[in-house]
Amino acid sequence: MAKKKVAYIKQNTCDRSPFCPVKRICPQKALKRKGFFGPLEIDEEKCTGCGTCIQYCPHGAVKMKKAKAS
């Protein structure tokens with residue numbers, strides 16, 4: 001059964017903090033950063049759509065979207 005939803009980051013809302021709680025809380029370690037203050041990206045292959053990241057983002061930058069068809 002295919003995943004229905006995955007998380008994504010609204011880059012214009014994210015503050016790109018190096019101490020981002022979302023990156024630390026992800027149980028699948030699906031977030032990666034390009035550089036120290038670079039943008040966060042979510043690896044859709046690792047993301048299970050659990051929604052934990054949405055609860056921990058202090059800026060509301062994490063949302064859910066339909067997963068890409070494999």
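The following exchange concerns a predicted model of a protein.

Biologist: What is the mean pLDDT of the protein?

Modeller: The model is predicted, and confidence varies along the chain. Strand S2 (residues 31-33) has the lowest confidence, at a mean of 91, and strand S4 (residues 62-66) the highest, at 95. Of the residues of the protein, 94% reach 70 or more, and the mean pLDDT is 90.

Biologist: In which order do the elements of the protein run from the N terminus?

Modeller: The secondary structure comprises 2 helices and 4 strands. Starting at the N terminus, the order is β-α-β-β-α-β.

Biologist: What is the radius of gyration of the protein?

Modeller: The globule rule gives 11 Å for 70 residues, and the value for this protein is close to that, so the protein is as compact as a globular protein of that length. The C-alpha trace spans about 35 × 20 × 20 Å along its principal axes. The radius of gyration is 11 Å.

Biologist: What share of the contacts with a separation of 6 or more joins residues 24 or more positions apart?

Modeller: Valine 62 in strand S4 offers an illustration, as Ala7, Tyr8 and Ile9 are among the residues that it touches. For the protein, residues 24 or more positions apart account for a share of 59%.

Biologist: Is valine 62 buried or exposed?

Modeller: Valine 62 is found in strand S4. Not counting residues up to four places away in sequence, valine 62 touches Ala7, Tyr8, Ile9, Val22, Cys53, Ile54 and Cys57. Buried means under 20% relative accessible area. Valine 62 has a relative accessible area of 4% and is therefore buried.

Biologist: Is glutamate 45 buried or exposed?

Modeller: Glutamate 45 lies in the loop between strand S3 (40-42) and helix H2 (52-56). A residue counts as exposed over 50% relative accessible area. The relative accessibility of glutamate 45 is 74%, so this residue is exposed.

Biologist: How far apart in space are glutamate 45 and cysteine 26, C-alpha to C-alpha?

Modeller: In sequence, glutamate 45 and cysteine 26 are 19 residues apart. In space, their C-alpha atoms are separated by 14 Å.

Biologist: How far apart do the centres of the positive and negative side chains lie?

Modeller: The protein exposes about 4,900 Å², of which carbon and sulfur atoms supply 53%. Its charged side chains comprise 16 positive and 5 negative ones. The centres of these two sets lie apart by 4 Å.

Note on methods
Residues numbered from 1 in each chain as written. Predicted model: local features only at pLDDT ≥ 70, side-chain atom pairs only at ≥ 80, totals over all residues. Heavy atoms only, no water. Rg over C-alpha atoms; globule rule 2.2 N^0.38 Å. Contact = heavy atoms within 4.5 Å. Areas by Shrake-Rupley, 256 points an atom, 1.4 Å probe, with all protein chains shown as cover. Lys, Arg positive; Asp, Glu negative; His and termini not counted. Charge placed at Lys NZ, Arg CZ, Asp CG, Glu CD. pLDDT = per-residue confidence, 0-100. Buried < 20%, exposed > 50% of the residue type's maximum accessible area, 1.4 Å probe, protein only.
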